[in-house]
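Here are my notes on this one, for when you have the model open. Have a look at it first, then read on.

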Amino acid sequence: MKLYNTLTRQKEEFQPLKGKTVSMYSCGPTVYNYAHIGNMRTYIFMDILRRALKRNGYTLKGVMNITDVGHLLSDGDEGEDKLNKAAREQKKSPAEIAAFYTEAFMADIEKLNIGKPELIAKATDHIGEMLEFVVKLCEKGYGYETADGIYFDISRFPGYGKLSGINLEEQRAGARVEVNPQKRNPADFALWKKAAPEHIMRWDSPWGPSYPGWHIECSAMSRKYLGPLFDIHTGGVDHIPIHHENEIAQSEALEGKKTVNFWVHGEFMMVDNGKMSKSLGNVYTISDLEGMGYSALDFRYFCLNAHYRKKLNFTFEGLTGAKTALCNLRTALQAHKAAPAAAPAPDLSGYQKDFAEAVGDDLNIPYALGVLWTMVKEGKKHPAVYAAASEMDTVFGLSLDRLPPAEEKKSRSAVIPAEILRLAEQRRQARLNKDYKASDSLRAEIEAAGYAVIDKPGNEYEIQPKAEK
Ligand SMILES: [Zn+2]
């Protein structure tokens, strides 16, 4: 099996360090809010990697962290702790915030058929290991104290920047005014932060009441559970330039050698060709999509259409296409399942070989999906096709054996586009404000797009696609 290693910038043949067991660490969510679909794309990629390894006969020893302290508003060392801010705003304790959003995250990954890593590690359960790590780094001369915390001196670590390939000299030349004049180098990062009075989460340390930086948790927890050298580290590409550079610096400084064999990263998801952002109102969660009539697995299918190292542009048109395709695939497979088994079984070995090669070639899942489609469409209906597809589904994770729900058999127009839902909501507001002129013009706009809005008692309404001629 070949995997693209971000560190060496090439596809390499994957070999585990120890026999058939793969040790793998995955950066998990910061649990201060609901995870959005862009986050979920990264975990779907992690899951596909885990499934592909298992299908190749490996046993997984996977660890994923839950960040419930230390992740500041910027990925660097500025701003308030995300958990602290959410706790303050929602008048809850950070532990309550973390528990609530961890549960929501777990519910989402279950719906998406994302297998849970073997071990889920909470940052706040590992304060002792992190503190010990930082103390050792200071003893070795990599850490130094400033007024607000303990920082890592990157000038002591010549390999800094090797994962992202950033040029520190260039970065320094173009750097904005340094916010912390006590730092020795602009890219020095916090290992440990002294707790300001308003910081709720705090622990005793040689430097007084304080809390860990974000990056140290992944170094400390991967070391604890997977040892000083492990096989694979995954994350999103957004982790590369800061979080993972810092992890490498901390871990290699402590061990004096390489600590991860393969760094594997999933690409970004865009929305309507742009960035997802709250101000644009285009940050969607799995629940949002479900509210619009899509299933979590429709979204998973949508993600599998793009290679994990390619940017993927999310549109509702694309998601609707994925929903239709998944429904058609399930329908076709039911026909294969129901066909008489008596006829001689078709020879499927060519498809199976192509499928295995695609999966083994740096997880070329879009190609593997194409192989599945060709197998399902070509030749006679036969239960052997259903069986072969189910086996391939151990990698896709699309629950292809599920019956397409009756409602999904309806035409693709059964899904009401988000834009129409928005217009209908605006119209409801207009009616509440007794602005009938606006409400009439919004109705005209909705009808022009091919939908009918039916008013119901209590200012409720229903939207239906107009009957097709
Ligand atoms: Zn991490």
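The points below cover the metal site and then the main pocket.

1. One thing to keep in mind throughout: this is a predicted model.

2. Start with the zinc ion. Its protein donors are SG of C27, SG of C218 and NE2 of H243, and they lie 2.1 to 2.2 Å from the metal. Along the sequence, the donor residues follow the spacing C-x190-C-x24-H. The two cysteines tie together distant parts of the chain, 191 residues apart. C27 is in the loop between β3 (21-26) and α1 (37-55), while C218 belongs to helix α6 (residues 214-226).

3. Are those cysteines buried or exposed? C27 has 4% relative accessibility, so it counts as buried, the cut-off being under 20%. C218 is buried as well, because its relative accessible area is 0%.

4. Now the largest pocket, at about 1300 Å³ in volume. It has 42 lining residues, and the ones closest to its centre are Y32, H36, N39, K82 and D238. If you want a handle on the middle of the pocket, those five names are the place to look.

5. Which helices each supply at least two residues of that lining? They are α1, α2 (82-90) and α3 (94-111). The largest share comes from α2, which gives five residues to the lining of the largest pocket.

6. Last, the chemistry of the pocket wall. The lining of the largest pocket splits into 18 nonpolar, 14 polar and ten charged residues.

Note on methods
Residues are numbered from 1 along each chain as its sequence is written. This is a predicted model: local features need pLDDT of at least 70, side-chain atom pairs count only at pLDDT 80 or more; totals for chains, interfaces and linings use all residues. Side-chain values use heavy atoms; hydrogens and water are left out. Donors are N, O and S atoms within 2.8 Å of the metal (3.2 Å for Na, K and Ca); water is not among the atoms, so sites may look incomplete. Helices (H or I, at least four residues) and strands (E, at least two) are DSSP runs, numbered from the N terminus. Buried means under 20% relative accessible area, exposed over 50%, partly exposed in between (1.4 Å probe, protein chains only). On a 1 Å grid over the protein atoms alone, a cavity is a set of points where a 1.4 Å probe fits but cannot get out, and a pocket is an open set with protein on both sides within 12 Å along at least five of seven lines; lining residues have an atom within 4 Å of a point. Grid points are joined across faces, edges and corners, and a volume is the space filled by probe spheres set on the points. Ala, Val, Leu, Ile, Met, Phe, Trp, Tyr, Cys and Pro count as nonpolar, Asp, Glu, Lys and Arg as charged, and the others, Gly among them, as polar.
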